[in-house]
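This report describes selected features of one protein structure, moving from a single helix to the core. Please consult the sequence and the structure shown below while reading.

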Amino acid sequence: MTDQSDLGYLLQQAAKLYRTSFADELRAHGLTPQQAAVLMAVTSAPDSALTPGAVAEAIGADFATTTGLLQRLERDGWLASSPNPDDGRSRLVNLTPASEQAVPALRTIAEGVSARAADVLSANELDVLASLLQRLIHNETVPKAKARD
């Protein structure tokens with residue numbers, strides 16, 4: 001049995017519950033959380049266009065996974081691709097009119113899921129939690145120096 005005070009376990013459980021709730025809400029739009037993340041990444045880009053590599057970096061996925069996501073989103077009419085005017089060897093992915101119309105609803109869903117998850121916390125507790133999580137994330141992404149002593 002897992003120790004209920006184990007930080008990794010608690011983080012994993014909280015993330016799992018959040019992902020499940022988010023996925024349930026997105027299902028009505030025919031999207032998965034990863035697909036929604038792609039659309040949000042493209043929306044946030046200058047000119048709402050990104051290379052597949054930039055999409056992969058933005059959503060924290062490997063290139064192969066991202067390629068599959070992009071192919072499905074293009075097949076289903078959420079994205080279009082066009083030649084990259086700055087690099088003839090690559091393409092840019094762009095939002096379609098359907099995805100441009102859906103993005104505000106996706107933002108509302110994400111905000112609603114976050115608000116419900118945080119509903120049991122006071123504003124101060126939420127600020128502290130966000131600060132602590134940012135510190136944990138920063139700690140895990142900073143290269144570890146080798147101990148010399």
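Which elements cover the buried residues of helix 4? In this predicted model, the covering elements include helix 2 (33-44), helix 3 (52-59), strand 2 (79-83) and strand 3 (91-95). The residues of helix 4 that are buried are Thr66, Gly68, Leu69, Leu70 and Leu73.

Helix 4 spans residues 63-75, 13 residues in total, and extends 18 Å from its first C-alpha to its last, close to the 18 Å expected at 1.5 Å a residue. At its N-terminal end, Asp62 acts as a cap, with a side-chain oxygen 3.1 Å from the backbone nitrogen of Ala64. Just after helix 4, Gly77 adopts a positive phi of about 85°.

Helix 2 contains Gln35. Gln35 has a relative accessible area of 8% and is therefore buried, the cut-off being under 20%.

The table lists contacts of two residues, leaving out residues up to four places away in sequence.

| Residue | Residues touched |
|---|---|
| Gln35 | Gly30, Leu69, Arg72 and Leu73 |
| Leu39 | Leu31, Trp78, Leu79, Leu95, Ser99 and Leu106 |

Among the residues touched by Gln35 are Leu69 and Leu73, both of which are buried in helix 4.

Leu39 also belongs to the largest nonpolar core, which has 22 residues. Leu39, Val38, Val42, Leu50, Val55, Leu79 and Val93 have the most contacts inside this core. Two or more residues each come from helix 1 (7-26), helix 2, helix 4, strand 3 and helix 5 (97-118). Helix 2 contributes the most to this core, with 5 residues.

Methods
Residues numbered from 1 in each chain as written. Predicted model: local features only at pLDDT ≥ 70, side-chain atom pairs only at ≥ 80, totals over all residues. Heavy atoms only, no water. Helix = DSSP H or I, 4+ residues; strand = E, 2+ residues; numbered from the N terminus. Expected span 1.5 Å × (residues − 1). Buried < 20%, exposed > 50% of the residue type's maximum accessible area, 1.4 Å probe, protein only. Contact = heavy atoms within 4.5 Å. Polar contact = N/O pair within 3.5 Å; in protein donor to acceptor, adjacent residues only side chain to side chain. Core = buried A, V, L, I, M, F, W, Y, C linked by side-chain atoms within 4.5 Å.
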